[in-house]
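Trainee: Could we go through this structure together, so that I learn how each description is reached?
Mentor: Gladly; please ask about the words one by one.

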Amino acid sequence: MEGNKELIEALNQIEKEKDISKEILLEALENSLVAACKNHFGKADNIKVYIDRETGAVSVFAEREVVETVEDPIMQISLSEAKMKYPKAKYELGDIAQVEITPKNFGRIATQKAKQVVVQKIREEERKVLYSQYYGKERDVVTGIVQRYVGNNVSINLGKVDAVLMENEQIRGERFRPTDRVKLYVLEVKDTTKGPKITVSRTHPELVKRLFEAEVTEVKEGIVEIKSISREAGDRTKMAVSSNDPNVDPVGACVGLNGARVNAIVNELGGEKIDIVNWSDDPATLIENALSPAKVISVDVDKEELSARVVVPDYQLSLAIGRQGQNARLAARLTGYKIDIKSESQVYDSYYNDQQ
């Protein structure tokens with residue numbers, strides 16, 4: 001059949017520009033043309049379509065069993081006819097003969113179908129590429145540009161695709177304007193027929209961790225390790241860090257010279273306070289550190305119950321507990337211990353009353 005050089009040239013161009021395999025497009029077109037053959041032959045169960053990779057010529061073949069006596073001319077061919085038409089093939093009974101049945105004007109049908117298939121396949125392949133590109137960013141931080149509010153949710157452009165910042169993933173009180181640049185933690189990437197659906201967060205504790213990895217070289221290189229993190233987005237984060245190098249102070253590395261490193265992250269999070277404390281494998285020491293900036297007199301730990309009783313000076317009680325219990329709450333989450341905080345006076349009064 002006559003060639004279709006324009007088709008091959010167009011597919012070569014698409015492969016070059018869109019990075020979509022010409023072979024994938026040709027296979028999709030061949031499969032689509034098999035379906036189109038049903039309009040000509042009633043069924044296409046035994047039909048194969050082949051497009052010449054060099055010339056673009058389209059050929060239609062029927063696979064027919066070689067038999068002595070033909071009962072179904074669509075599925076069978078007689079041995080005598082097969083030998084007469086295809087002497088070089090040397091067909092025998094039971095063989096499957098490839099019988100060319102290319103209809104007239106099939107080149108025109110193929111050209112029309114090619115346009116539909118190529119457009120559809122390009123969309124599919126672009127969607128796959130986008131999905132795999134953003135799926136690799138799941139549980140990572142990306143930078144986006146605010147588009148608009150959709151109800152209470154925010155549509156944010158990530159480059160080639162938009163993400164949705166749901167209301168419950170927004171920092172309380174934070175408002176955005178169109179074109180604002182914002183850093184986001186990628187919670188989930190789903191593949192849909194309309195392209196990847198990306199859900200992002202500003203409240204997830206991992207966002208803070210990833211921001212420190214980006215800002216602090218020692219964290220990125222694994223010299224300083226973020227062992228635990230607890231967060232109440234928009235208000236306060238507590239982070240426990242340790243160092244794998246005795247010459248590197250983990251807290252100092254995260255704070256930076258004159259607070260430069262931590263302040264960059266505080267600014268990114270709209271002024272959220274960040275307490276950075278030293279990690280310890282000793283629960284009592286870790287709990288004492290976690291209650292910073294409050295000073296602690298003693299910590300009595302019950303490892304089985306994962307609970308601790310902490311005594312602080314009277315003037316430090318409100319600081320240790322924090323506004324609406326926030327400091328104690330974050331320290332408990334950071335350490336994994338239930339923490340009961342008492343002042344010196346409370347402990348003394350309790351002891352005195354027990355003696356009466």
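**From values to words**

Mentor: Let us start with a helix contact in this predicted model, where Leu-211, Phe-212 and Glu-215 of H6 meet Arg-261, Val-262, Ala-264, Ile-265 and Glu-268 of H9. The residues of this contact divide into five nonpolar, no polar and three charged.

Trainee: At what angle do helix H6 and helix H9 pack, and how far apart are their axes?
Mentor: Helix H6, residues 205-215, and helix H9, residues 260-268, pack at an angle of about 135°, and their axes are 10 Å apart.

Trainee: Why is H6 called oblique to H9?
Mentor: An angle over 145 degrees would count as roughly antiparallel and one from 65 to 115 as roughly perpendicular; the angle here is about 135°, and that makes H6 oblique to H9. As for its handedness, the crossing of H6 and H9 is right-handed.

Trainee: What makes H1 and H2 oblique to each other?
Mentor: Helix H1, residues 5-18, and helix H2, residues 22-36, pack at an angle of about 130°, with axes 9 Å apart. Roughly perpendicular ends at 115 degrees and roughly antiparallel begins over 145, and H1 and H2 are therefore oblique to each other.

Trainee: Which residues make the contact of H1 and H2?
Mentor: On the H1 side they are Leu-7, Ile-8, Leu-11, Asn-12, Ile-14 and Glu-15, and on the H2 side Lys-22, Leu-25, Leu-26 and Leu-29. Sorted by kind, the residues of the contact of H1 with H2 are seven nonpolar, one polar and two charged.

Trainee: I would like to turn to the sheets now. What makes E10 and E12 edge strands?
Mentor: Three strands form an open sheet in the order E10-E11-E12, with mixed pairing. Strand E10 (224-232) and strand E12 (273-278) each pair on one side only, and they are the edge strands. From one strand to the next, the twist averages 20°.

Trainee: How do you know that E11 and E12 pair?
Mentor: Pairing needs at least two bridges between two strands, and six bridges join strand E11, residues 236-243, to E12, the two running parallel. As an example, Ala-240 stands opposite Val-277 in E12. Helix H12, residues 326-335, packs on this sheet and touches E10, E11 and E12, and its direction makes about 135° with that of E10.

Trainee: What is the order of the strands in the sheet that holds E13?
Mentor: The order is E13-E14-E15, in an open sheet of three strands with mixed pairing. E13 and strand E15 (338-343) are its edge strands, since each pairs on one side only, and neighbouring strands are turned by 15° against each other on average when direction is ignored. Strand E14, residues 307-312, pairs with E15 in the parallel sense over six bridges, and the bridge partner of Ala-308 in E15 is Ile-339.

Trainee: Which strands does H10 lie across?
Mentor: H10 lies across E11 and E12, running at about 155° to E12, and H10 also lies across E13, E14 and E15, running at about 130° to E13.

Trainee: Which residues of E4 are on its covered face, and which on the uncovered one?
Mentor: Ala-97 and Val-99 form the covered face, whereas Ile-96, Gln-98 and Glu-100 form the uncovered one. E4 pairs with strand E2, residues 58-67, in the antiparallel sense over five bridges, and Gln-98 is the bridge partner of Glu-63.

Trainee: Is Lys-90 buried or exposed, and how do you know?
Mentor: Exposed means over 50% relative accessible area, and Lys-90, with 65%, is therefore exposed. Lys-90 is found in the loop between helix H4 (79-85) and strand E4 (96-100), and its phi is near 55°, a positive value in a residue other than glycine.

Trainee: Why does Asn-258 count as exposed?
Mentor: The cut-off is again 50%, and at 76% relative accessibility Asn-258 counts as exposed. Asn-258 is found in the loop between helix H8 (250-255) and H9, and it has a positive phi of about 55° although it is not a glycine.

Trainee: Why are such values pointed out?
Mentor: Most residues other than glycine have a negative phi, and most peptide bonds are trans.

Trainee: Which residues does a cis peptide bond join?
Mentor: A cis peptide bond joins Ser-292 and Pro-293, with omega about 15°. Pro-293 has its place in the loop between helix H10 (283-290) and strand E13 (298-302).

How values were computed. Residues numbered from 1 in each chain as written. Predicted model: local features only at pLDDT ≥ 70, side-chain atom pairs only at ≥ 80, totals over all residues. Heavy atoms only, no water. Axes fitted to C-alpha atoms, helices over the stretch in contact; angles between N-to-C directions. Helix = DSSP H or I, 4+ residues; strand = E, 2+ residues; numbered from the N terminus. Parallel < 35°, antiparallel > 145°, perpendicular 65-115°, else oblique. Left-handed = near helix turned anticlockwise from the far one by under 90°. Contact = heavy atoms within 4.5 Å. Nonpolar A, V, L, I, M, F, W, Y, C, P; charged D, E, K, R; others polar. Buried < 20%, exposed > 50% of the residue type's maximum accessible area, 1.4 Å probe, protein only.
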